[in-house]
Every structure is written in C-alpha cells, then in structure tokens.
Amino acid sequence: MRRVEIVCSGNICRSPIGEVVLRAKLAEAGIDDVQVTSSGTGGWHVGDPMDPRAAAALRRRGYDGSAHRARQFRAGWFAERDLVLAMDSGHLSALTRRGRAAVPVQLFADVDVPDPYYGDDAGFEDVLAQIEKAADLWVDRLR
C-alpha cells in the first residue's frame, strides 16, 4: 500500500478537499493500492470537522467530506509516507524545515492552491476546481 499525505495550513479547507477528491478519483480509476490522508502544518483546528463551506462545495459536486477531522502533520510521518503533497509553497517550506524527508515532498498543483478561508463560497468552488484538475494528473502519476 502506498501512502500519500496532503498538507495545508489547518487541515480544514484545501488539504481535506484534496484528500476527498484524490481518494475518489483513485477509486474511480480502479487504483486501490494508494491510501490518501491529509493534515495541516498547524494545530489550530485539530479534531475539528472540515470547514462547512468546503464540505458544501464538495457535496455540490457529489463528494462526501463528512468524516473528516483535522490533524496536524508530524515529522515522524515522513517515514510512513511515500509522497507528501503541499497545497502551496509556504507549506512546502514548512514541511522541508521539519526535517530531511526520505520521500518526495511536492506541490499538489502546478501553482499554489489559494487559501479560500477568508473569502466567500465562490473561492471554495474555485479551489475545488483547481484541486480536481490537479488530482487527475496525480491519478495518472500514481497509476
């Protein structure tokens, strides 16, 4: 089983959207040897559900994020993951500062996925569309 971790700031918006979408797209492609989880660089929201606006955006596109509970990334997880995907360059830097990873640490998308937290519902829709597009590329890479 390959393990992929998706990381954002608080693990209530971008990374859980990425987790839900990538997991669904992998299942749709018949790829069953990849486990996808998510976490945040900070611990502000540990134990909290996904931001309601993120969950609503997912529901509108047929995804279910209701089981999500926020977690904080731990440096020890590098040894337990095969790939770590950061939602933006700030997360990428924070992850690389946590120690030398023996696994690839890369951006989830071609460009930074913007944080929709301080915006409106449209920002969550835009982020979801960007994540879906990037997830399709990860499905091809993980095939």
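**Entry 1: Ser38**

Is Ser38 buried or exposed? I looked it up in the model, which is a predicted one. Ser38 is buried, at 2% relative accessibility. I placed Ser38 in strand 2. Then I listed what Ser38 touches, leaving out residues up to four places away in sequence. The list reads Glu5, Ile6, Asn11, Ser15, Pro16, Glu19, His68 and Arg71. For Glu19 I also found a polar contact: the two side chains, Ser38 and Glu19, are joined at 2.5 Å.

**Entry 2: Glu19 and Arg23**

I followed Glu19 next. Which side chain meets that of Glu19 in a salt bridge? I found Arg23, with an N to O distance of 2.4 Å. Both residues belong to helix 1, residues 14-28. They sit four residues apart, so about one helical turn separates them. I noted the general background: an α-helix has 3.6 residues a turn, so residues three or four places apart point the same way. Burial splits the pair. Glu19 is buried at 10% relative accessibility, while Arg23 is partly exposed at 40%.

**Entry 3: helix 1 as a whole**

I checked the length of helix 1. Its 15 residues, at 1.5 Å a residue, should span 21 Å. The C-alpha atoms at its ends are 21 Å apart, so the model agrees with the expected span.

How many of the 15 residues of helix 1 are buried? I got eleven, so the helix is largely enclosed by the rest of the structure. The buried set starts with Arg14, Ser15, Pro16, Ile17, Gly18 and Glu19. Val20, Val21, Leu22, Lys25 and Leu26 complete the set.

I then asked what covers these buried residues. The cover includes two strands, strand 1 (2-8) and strand 2 (34-40). It also includes helix 2, helix 3 (89-97) and helix 4. Just after helix 1, I noted Gly30, whose phi is positive at about 80 degrees.

**Entry 4: other salt bridges**

I took the full count: 13 salt bridges. As background, side chains of opposite charge can pair when their charged atoms come close.

I looked at Arg53 and Asp51. Their closest N and O atoms are 2.9 Å apart, and the pair forms a salt bridge. Asp51 is buried at 6% relative accessibility. Arg53 is partly exposed at 23%.

Next came Glu132 and Arg61. Their side chains meet in a salt bridge at 2.4 Å, N to O. Where do the two partners lie? Glu132 is in helix 4 (residues 121-142). Arg61 is in the loop between helix 2 (52-60) and strand 3 (83-86). The pair therefore ties together parts that are 71 residues apart in sequence. Glu132 is buried at 16% relative accessibility. Arg61 is partly exposed, with a relative accessible area of 35%.

I also found a network of salt bridges. It links Glu5, Arg71, Glu80 and Arg81. Two of these names were already in my notes: Glu5 and Arg71 are among the residues that Ser38 touches.

**Entry 5: Glu125**

I stayed on helix 4 and picked Glu125, which is found there. Glu125 is buried, with a relative accessible area of 19%. The cut-off for buried is under 20%.

Which residues are in contact with Glu125, setting aside neighbours within four places in sequence? I found Ala57, Arg60 and Arg61. With Arg60, the side chain of Glu125 makes a polar contact of 2.6 Å. With Arg61, the side-chain polar contact of Glu125 is at 3.5 Å. Arg61 is also the salt-bridge partner of Glu132.

I took one C-alpha distance as well. Glu125 and Tyr63 are 62 residues apart along the chain, and their C-alpha atoms are separated by 13 Å.

**Entry 6: cysteines**

How many disulfides does the structure hold? I counted zero. Cys8 is in no disulfide, and its nearest cysteine sulfur, that of Cys13, is 6.7 Å away. I asked why Cys13 has no bond to Cys8. The 6.7 Å between the sulfurs is too far for a bond, because a disulfide needs the sulfur atoms within 2.5 Å. Both cysteines went down as buried: Cys8 has a relative accessible area of 3%, and Cys13 has 4%.

Conventions:
Residues are numbered from 1 along each chain as its sequence is written. This is a predicted model: local features need pLDDT of at least 70, side-chain atom pairs count only at pLDDT 80 or more; totals for chains, interfaces and linings use all residues. Side-chain values use heavy atoms; hydrogens and water are left out. A salt bridge is a side-chain nitrogen of Lys or Arg within 4 Å of a carboxyl oxygen of Asp or Glu. Buried means under 20% relative accessible area, exposed over 50%, partly exposed in between (1.4 Å probe, protein chains only). The expected span of a helix is 1.5 Å times one less than its number of residues. Contact means heavy atoms within 4.5 Å. A polar contact is a pair of N or O atoms within 3.5 Å; within protein, one must be able to donate a hydrogen and the other to accept it, and residues adjacent in sequence count only if both atoms are side-chain atoms.
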